[in-house]
Structures are given as C-alpha cells and as structure tokens.
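User: I'm new to protein structures and would love a close look at one part. Could you walk me through the largest pocket?

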Amino acid sequence: MDKATLPPETEIGRVALTVADLSSTVDFYRDVVGLHVLDADDDRTILGAGGQELLVLHHRPDAPAREASSTGLYHIAFRVPSRAALGDALQRIDSEWTLDGASDHGVSEALYLSDPAGNGVEIYRDFPRASWSETPSGHVKMVTEPLDRQSVAAAATGEQSIPADSDIGHVHLEVSSVETARSFYANALGLRVRATYDGAVFLAAGDYHHHIGANVWQRRSGPQTGQGLAWFEIRLPDEATLESAEKRLRQSDYAVAETDAGLTVHDGDDIELRLRT
C-alpha cells in the first residue's frame, strides 16, 4: 500500500483559469455550475460558494486558444454535498447548457460538461466512504458505469446555486507522462497513489479517492500557453506540513519559490502548483 506523507486534512484550494472571453465564462460558472461572484474587475473575476473562493478567472483578451498538444487541465471537479445538489446541477445543465457525460464511479456520482472555452468541468457528489471498496493492494476501486440520471433528477429541489459547503474536490490534469506525474505528486510532494488505470494515475492525501488525477489519454506533450489552466492550489493544514513539503520538493530538485501566501512550484509539465496553509 502506498503511504501519503501529506496528512488527510490536505485539500484542493482555488483553481485559476486564463480566459479570453470573461463575460461568457463568468455567466457559465454562475448560471450553470452555480457559483457566486465574490469579486470582480476588468482583469479578474473570483467566484466561489459560501464566501469561499474556489475559481479565479484571469482575463486576457489576446490569449490564444490552448493548442491540441498542450498539457494542462482535463477538468476541474466541483464537489457538492448531496444528491439533491447534484440533481439541481443536472437541472441547470439541462436548462442552460449541454451535458457531455454522466457516470457512477462507485465512489461518486458525476456530471461532465465543458465551459465556453472548452475547459473540462465535473460536478459530483461522493457516496459515503464506508461504501467504497478497496483492492487487495489497498487502492480504492473506482468504476465507470452509467449514472442513474432519473433518480438524480428526481432529487432536485430547484436551487440555482451550489450549497455553501461545496468545494473543489479534485483537479484532473492532462500530462505528458504518468511516470513524471507520479514522480512529482507522489514521490516529491507526498500524495498517495490511490488507483492506476491504463494511461492514468489518481493520487490523494489520506484515504480520499483522489485529489489529483493525471492522464495521457490525448497524448499531449508540450507545456501549455494561452488559455486554460493558469495555476491551482493545494491547501495544507499547518506551517509544519508546508515546511516539510518544501524540503521534500527541494531535495527532489524542484525549484520552489516563496510567496506571501506560501510556496509556488512547477511540476514536470510546467503546471503551476501553489501550496499554502
């Protein structure tokens, strides 16, 4: 069994996207995903739930579209606390947008769609952890089965926003190499490998099914420029954990920069990760 160095209280923080069309993107995350606008100016809009910042949109009107060969974001996964909230999300999508897919993963129920710029978005709710299955090696067992959309839709209450205790449960990345991703996120950063599938690895702190997913399904190979993922955060429970993570990253020869908010480091695909408490 793989052991995580990062404690189970570790979680995903904010995710930032670079967008060329700010207005339509804000409309999508507010009206379809159900976030609230918390702060806005000409260059940046911050959205969240329950007053908690979750998504930062950086406006760059001249930013080119993400190239087909670029690594970066596969999807941002917004986690809601109940099937009712998932039903409300499905209702908003059916009314305002187009659903790309819907799956029962054994550990969660998930809806998939894309924002106006083509960034992947997942909205999901977890099943109780006691119902999750593990493999003999200690990995979590995840499947991809059709979602019972009828039951999910029946649970809807008509709410137009996601609940205040919603968050970003995980970030799924498109990388150039599963081995490179595992070397950074497991060996250097300290997450635990929770599952491996053909062309993908899923990692987490503690016994969560995954905080980070990484896949090579689209055979992307080069660093991202232009629109798409700008950076994302992992929030650590205390300063001692942050200091330990910095030490491991430096010992693994990753360049770590100190900022007022914490640390910044780039993974093997030059994806910017911010670490903070």
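Analyst: Here is a tour of the largest pocket and what lines it. The model is predicted, so to speak of local features we ask for pLDDT of at least 70, and side-chain atom pairs count only at pLDDT 80 or more, while totals for chains, interfaces and linings use all residues. Residues are numbered from 1 along each chain as its sequence is written, and side-chain values use heavy atoms, with hydrogens and water left out.

First, the word itself: on a 1 Å grid over the protein atoms alone, a pocket is an open set of points where a 1.4 Å probe fits, with protein on both sides within 12 Å along at least five of seven lines. The largest pocket has a volume (the space filled by probe spheres set on the points) of about 650 Å³.

Its lining, meaning residues with an atom within 4 Å of a point, counts 33 residues. Nearest the centre lie Tyr74, His75, Tyr112, His172 and Trp217. By class, 16 lining residues are polar, twelve nonpolar and five charged. Here Asp, Glu, Lys and Arg count as charged, Ala, Val, Leu, Ile, Met, Phe, Trp, Tyr, Cys and Pro as nonpolar, and the others, Gly among them, as polar.

Strands (DSSP runs of E, at least two residues, numbered from the N terminus) contribute too: strand 5 (72–79), strand 7 (108–114), strand 8 (120–126) and strand 10 (167–174) each supply at least two lining residues. Strand 7 gives the most, with four. Strand 10 also pairs (DSSP finds at least two bridges) with strand 13 in the parallel sense, over four bridges.
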